[in-house]
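Me: Could you walk me through the charged pairs and the nonpolar packing in this one?
Reply: Happy to; let's take a look together.

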Amino acid sequence: MSELTATRIRTTAVKLGLPHLAETLNQYIQRADEAKMGYLDFLDLVLAEELAVREDRRFRSGLRTSKLPHHKTLEDYDFSFQPDLDPRKVKDLATLSFVEDKANVALLGPPGVGKTHIAVALAVAACRAGYSIYFSTLDDMVRNLKAAEAAGRLANKLGTYLRPSVLVVDEVGYQPLERAEASLVFQVISKRYEKGSIILTSNKTFSEWGQVFGDEVLATAILDRLLHHCDVVPINGHSYRLKNRLQAIERDTDVA
């Protein structure tokens with residue numbers, strides 16, 4: 001291929017919004033020459049590489065806007081430390097069939113067992129698969145909705161929690177809510193019902209949610225919609241944070 005032709009292809013690629021092709025054309029040509037590719041194989045190579053670049057760009061952009069506290073994956077999770085948790089159950093969830101079905105996931109257990117880690121890992125997997133995701137603690141969501149309601153912008157703010165394919169609601173039950181606050185949560189849950197997935201973490205059993213939401217009837221209404229299509233994953237093991245803290249103390253003691 002002449003340099004004039006290559007230059008023309010680069011210019012056309014930029015106009016078509018294919019900057020990666022424009023930057024790496026010479027590398028593609030070299031690979032094609034070395035592999036003695038035919039025209040169709042060369043075209044397949046270029047398109048596949050451009051698609052991979054775009055998907056990676058979309059994935060990274062999705063993570064940036066997701067508000068996730070970290071980007072841990074299931075590969076980072078130590079299942080051996082939680083022997084009562086069946087890894088197959090969590091890995092089945094990572095196939096994202098629940099997202100496709102617009103169903104929910106509830107991760108229940110005491111603090112420190114890795115509920116948020118798993119929730120984030122499932123959200124990261126969903127983002128990589130092309131789904132939009134958003135993360136919030138329950139406390140932050142309620143505070144933002146209350147502020148929007150006071151400013152007359154509740155409908156607009158609700159969209160933040162209704163638009164994503166997957167909404168992660170972390171730390172349900174750590175702070176009890178007033179009835180008006182619980183009503184805002186109900187609006188999110190009910191409007192997402194069978195329209196989008198929720199992944200939530202909670203340190204409370206469902207029987208305690210009446211106390212969490214300050215109203216048994218409202219809590220029942222929330223649970224009715226949440227649990228209709230929901231995988232419940234109890235994690236009743238030891239705290240990772242406590243384990244790491246104890247290990248640090250032991251190291252400091254050994255050094256001393």
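**Salt bridges and cores**

Reply: Let's start with one pair: Asp215 and Arg179 form a salt bridge, their closest N and O atoms lying 2.9 Å apart. The term means a side-chain nitrogen of Lys or Arg within 4 Å of a carboxyl oxygen of Asp or Glu. This is a predicted model, where local features need pLDDT of at least 70 and side-chain atom pairs count only at pLDDT 80 or more, while totals for chains, interfaces and linings use all residues. Residues are numbered from 1 along each chain as its sequence is written, and side-chain values use heavy atoms, with hydrogens and water left out.

Me: How many residues apart in sequence are the parts that Asp215 and Arg179 tie together?
Reply: Asp215 sits in the loop between α10 (209-212) and α11 (216-227). Arg179 belongs to helix α9 (residues 179-192), so the pair ties together parts whose separation in sequence is 36 residues. (Helices are DSSP runs of H or I with at least four residues, strands are runs of E with at least two, and both are numbered from the N terminus.)

Me: Does Asp215 count as buried or exposed?
Reply: Buried means under 20% relative accessible area, exposed over 50%, and partly exposed in between, using a 1.4 Å probe and protein chains only. Asp215 has 18% relative accessibility, so the label is buried.

Me: Which residue forms a salt bridge with Glu55?
Reply: The closest N and O atoms of this pair are 3.5 Å apart. Both partners lie in helix α3 (residues 39-65), 3 residues apart, about one turn of the helix. Glu55 counts as partly exposed because its relative accessibility is 38%. Its salt-bridge partner is Arg58.

Me: Which residue does Arg60 meet in a salt bridge?
Reply: The N to O distance is 2.9 Å. The two residues both lie in helix α3, 4 residues apart, about one turn of the helix. Arg60 is partly exposed at 49% relative accessibility, and its partner is Asp56.

Me: Which element gives the most to the largest nonpolar core?
Reply: A nonpolar core is a set of buried Ala, Val, Leu, Ile, Met, Phe, Trp, Tyr and Cys residues joined through side-chain atoms within 4.5 Å. The largest one has 32 residues, and Ile118 is among those touching the most other members. Elements supplying at least two residues each include α3, β1 (104-108) and β2 (133-137). With 9 residues, the element that gives the most is α6.
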